[in-house]
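Colleague: Thanks for making time for this. Could you walk me through the model, one question at a time?

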Amino acid sequence: MKILILGAGQVGSSAAYHLSREEANEVTVVDVRPDVLRELQDRLDIRTVVGHAAYPEVLERAGANDADIVVALTDSDETNMVACQVAYTAFRTPTKIARIRSADYMNADKLFTQDAIPIDVRISPEQLVCSYIEQLILYPGASQVLDFADGRVRLVGAKADRDGLLVGQRIATLKDHIPNSEGRIAAVYREGQAMLPKGDTVIQEGDEVFFIADRKDIRVFISEMRRLEDPVRRVVIAGGGNIGVRLALALEQTNQVKLIERDPQRARQISEQLNKAIVLVGDAADEELLLEENIDNVDVFCGLTNSEEANILSSMLAKRLGASKVMALINRASYVDLVESGSIDIAISPQQITIGSLLSHVRRGDVVKVHSLRRGAAEAMEAIAHGDKDSSKVVGRRIEEIELPKGTAIVTIVRGEQTIIAHHDTVIESDDHVIMFMTDRRKIEHLESLFQVGVSFV
Amino acid sequence: MNWSSVQRILGLLLMMFSLTMLPPIVFSLYFDDQSWLPFVEGFALTLAAGTLIWLPVHRVRKELRLRDGFVVVAAFWTVLGTFGAAPLYLAQDVLTLSFTDAVFESMSGLTTTGATVITGLDDLPASILYYRQQLQWLGGMGIIVLAVAVLPMLGVGGMQLYRAEAPGPVKDTKLTPRITETAKALWYVYLAFTIACMVSYRLAGMGWFDALCHAFSTVAIGGFSPHDASMGYYDSAAIDIVAIVFMFVAGVNFSLHFFAWRYVSIKHYLKDPEFRAYAFILCNLSIIVIATLFYFRGFESPDQTIIGGLFQAVSIATTTGFTTENFAVWPAALPVLLILASFIGGSAGSTAGGIKVVRCLLIYKQGVREVARLVHPSAEIPVKLGNTAVQPRVVDAVWGFFSVYIVVFGIMLVAMMSTGLDQVTAFSAVAATLNNLGPGLGGVASGFMSVSDPAKWIAIAGMLLGRLEIFTLLVLITPTFWRH
């Protein structure tokens, strides 16, 4: 697939990295900064074009004429919108994805029609990150919560500790523990290695367990892995940027929220936007300020400023001063590894969150959702099966008959309103949402081809 | 430095190279020339060596870094010259080459120089003649570019290798987003020209075997021929014209050919400043050569003078090195003029040698800028190619390359002369090897048979430096490269 990425910022670079790693993709990146592009081209097998991302001449040079997808990820909403418009009008690009940061644009659905601004998919990293954090706060104990089938089914990661009911036992005993709930363990990460669990796999302390469960059963499942924490009440957010304010708005009705912002003017502006949350002016790494605001009673501290170093340090400080759980927004992948083993409970990587929603639009076959896990090492994917027994490689077949690549498992099937836990003899029907988990991303093409309908079907 | 992946790729490349010794065996059996044994031995030797290098590290999966690329390319070309010499050295019953001579011949082939140490080519077995031509053909577009095209596991590392081998000042321009696709596209274009050239030679009157052999060395801008008299053997205007056309075409940047083929138009050629300069230089050079020949020879056989002059001008200026006449004895300044023209060479991204037209063009434009600055001291004058300003970094790199080229030339000239060669011979021998040209003047006008072994080794080094554009080899001997 020929992919045009506009903008080589953090999200653009990481999209280029993920997409160019898959052999079938040909990636071209456009940016105005030649030095950034040169550095990117040294690392990745891509083509780069220097120029303004919305200019027709630049897009033509970048091969927009036969591009399958344009992904506009520059830091200006307007540039992204115009670029998609140009791609649609001048080059007839089939799929146009744009990053839209401003909530105003984001909510104006009427704008984004084919005869106005032809953007097929709008991605707002801020919004994605915000709802991701919201989920984590909703399910304390989870290290990752990802939606499938419009949120009916969720993939949850949780670190097993000594108090989990299932820890030290075989997975097969899960049914005896919680007989009535629908769910299944999809994968277990032990010492950085992925395992697709079998019935006799024993969960150990320190394992990171990924399970898929119906929305209502998630808390029960988490309690199998670790001691169930109390629901979060007190939240402190450091950083009044887009993400911080969005999160405060989302949480202020149900939780006690305090937001720390350094710039007095910005703080004033935010305080006008928020209703119940308290806006504090000051430095998030100021020990006095944190103590004064009873940091030792806080359930969750989120470091969400623009500077990842500041996030890491203020979160560590908050943890030492007694916050029960701290999260930090970290872009750089190498930092994530550094801090997750230490005193920061959850590192939030905006790139990884954004890339997942991007990937789902790049996949062939009818792929609804893709979540990138463990820094892109694993992927969870939701695809819709179409066709019949003759035209499809999955429909009308029992799961054991499907030729899945190694390291891949079909975990759950959502059929209409019903959630079905996949067994070896489950038969897949047309229009089923099939949720899969793969530990080896190189096999993705094979998996995609399974969900492509044969020629005879059209 | 990532030694194990360097070693793995080196082994892989050598195993791949061993396969190129199989076609000569086929030719040997077809023509029944009884010399298939050296190729079987060469094949076995190269394959065994490649396997031995590859086997201990075949599980290593690490991405190549920039530095590793230089080491792989430099090491591979050195090793290749040696293993490529194996069949020539092993064919003692028909060739009797010393080890030095065999390496010289193989390196001269791979670097598309085209200087030879063999006399009596016309009596050699077909398989050996074919093998020499094939070496040139593989070296022309670059055997590493071929490897990048056919070995998908190189991944990003492919770019590092490609950059270390591809000629020209700007090496980041890809034709397609994927480096393997770029390499494939280049080889397809190359292959298409080779076939077209072969058919044209056949139609112009060559036999199929000679047509294939000459097509290999023409499109590669090599200059090897299965005849001692080179192109002069045929004494045919039609063949000369075919050769002129394809030498000219092969000296053009292959990405232009690629775009012409993809968009089915020739406007990319006409818009490209390097192509225009290249055509301009060749036109003027041909006119000077032909006019001088007319002045000294009179107007007795004008068609022969025109075609002969044109042929020699294109052949030498593109660094091919085919000859129809001994141009070393041509009148006035022509011999030296032609040798100097070979310094400019062909376009970047072509199979030609020399400094490359685009670099010379940039240097010339810098000169023009200095003049303009004297007249308008406060003007801001960028160096432009066509309508785009050239990055100062590229201009710096061109100057760096130019000065190093001159210094290397000087050092090699002194070294050549200290082996006992006279000044004209030494000068032209260095030019012939460093520019990947082939024939020189004086004692090396028809080949390097008469020079001493040390001079041959200097020539071998010169050919390699010229083909890899000096820096790829030069970085390996700098302390900065090895400092951790």
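**Interface and sheets**

Modeller: Happy to, and let's start where the chains meet: 18 residues of chain A are in contact with 14 residues of chain B. Do keep in mind that this is a predicted model.

Colleague: How much area do chain B and chain A bury between them, and what share of it is on carbon and sulfur atoms?

Modeller: The size of an interface is often given as the accessible area lost when the parts come together. For chain B and chain A that area is about 1,300 Å², and the share on carbon and sulfur atoms is 41%.

Colleague: Which elements give two or more residues to the side of chain B that touches chain A?

Modeller: By class, that side of chain B has 4 nonpolar, 4 polar and 6 charged residues. The elements giving it two or more residues are α9 (157-165) and α10 (179-203) of chain B.

Colleague: With those charged residues on the chain B side, how many salt bridges are counted between chain B and chain A?

Modeller: The rule for polar contacts finds 1 residue pair across the interface of chain B and chain A, both at pLDDT 80 or more. For salt bridges between chain B and chain A, the count is 0.

Colleague: Now to the sheets in chain A. Which strands are the edges of the open sheet of 6 strands?

Modeller: The pairing in this sheet is parallel, and the order is β14-β13-β12-β15-β16-β17 in chain A. Neighbouring strands are turned by 20° against each other on average, direction ignored. The strands that pair on one side only are β14 (278-281) and β17 (346-348) of chain A.

Colleague: Which helix packs on that sheet, touching β15 and β16 of chain A?

Modeller: Strand β16 (residues 325-329) of chain A pairs with β17(A) over 3 bridges, and the bridge partner of Leu329(A) in β17(A) is Ile348(A). The helix in question touches β15 (300-303) and β16 of chain A, and its direction makes about 175° with that of β16(A). Its name is α12 (residues 308-320) of chain A.

Colleague: Why is one side of β18 and of β21 in chain A left without a neighbour in the sheet?

Modeller: These strands belong to an open antiparallel sheet of 5 strands, in the order β18-β19-β22-β20-β21 (chain A). One side of each is free because β18 (367-373) and β21 (418-421) of chain A stand at the edges, each with a single partner strand.

Colleague: Which residue is the bridge partner of Ala409(A) in β22(A)?

Modeller: Strands β20 (residues 408-415) and β22 (residues 433-438) of chain A pair in the antiparallel sense over 6 bridges. In β22(A), the partner of Ala409(A) is Phe437(A).

Colleague: At what angle to β18(A) does helix α14 of chain A run?

Modeller: Helix α14 (residues 350-362) of chain A lies across β18 and β19 (378-384) of chain A. Its angle to β18(A) is about 150°.

How values were computed
Residues are numbered from 1 along each chain as its sequence is written. Chains are lettered from A and ligands numbered from 1 in the order in which they are written. This is a predicted model: local features need pLDDT of at least 70, side-chain atom pairs count only at pLDDT 80 or more; totals for chains, interfaces and linings use all residues. Side-chain values use heavy atoms; hydrogens and water are left out. Two strands pair if DSSP finds at least two bridges between them. Helices (H or I, at least four residues) and strands (E, at least two) are DSSP runs, numbered from the N terminus. Axes are lines fitted to C-alpha atoms, for helices over the stretch in contact, and angles run from 0 to 180 degrees between N-to-C directions. Contact means heavy atoms within 4.5 Å. Buried area is the accessible area (1.4 Å probe) that two parts lose on being put together, summed over both. A salt bridge is a side-chain nitrogen of Lys or Arg within 4 Å of a carboxyl oxygen of Asp or Glu. A polar contact is a pair of N or O atoms within 3.5 Å; within protein, one must be able to donate a hydrogen and the other to accept it, and residues adjacent in sequence count only if both atoms are side-chain atoms. Ala, Val, Leu, Ile, Met, Phe, Trp, Tyr, Cys and Pro count as nonpolar, Asp, Glu, Lys and Arg as charged, and the others, Gly among them, as polar.
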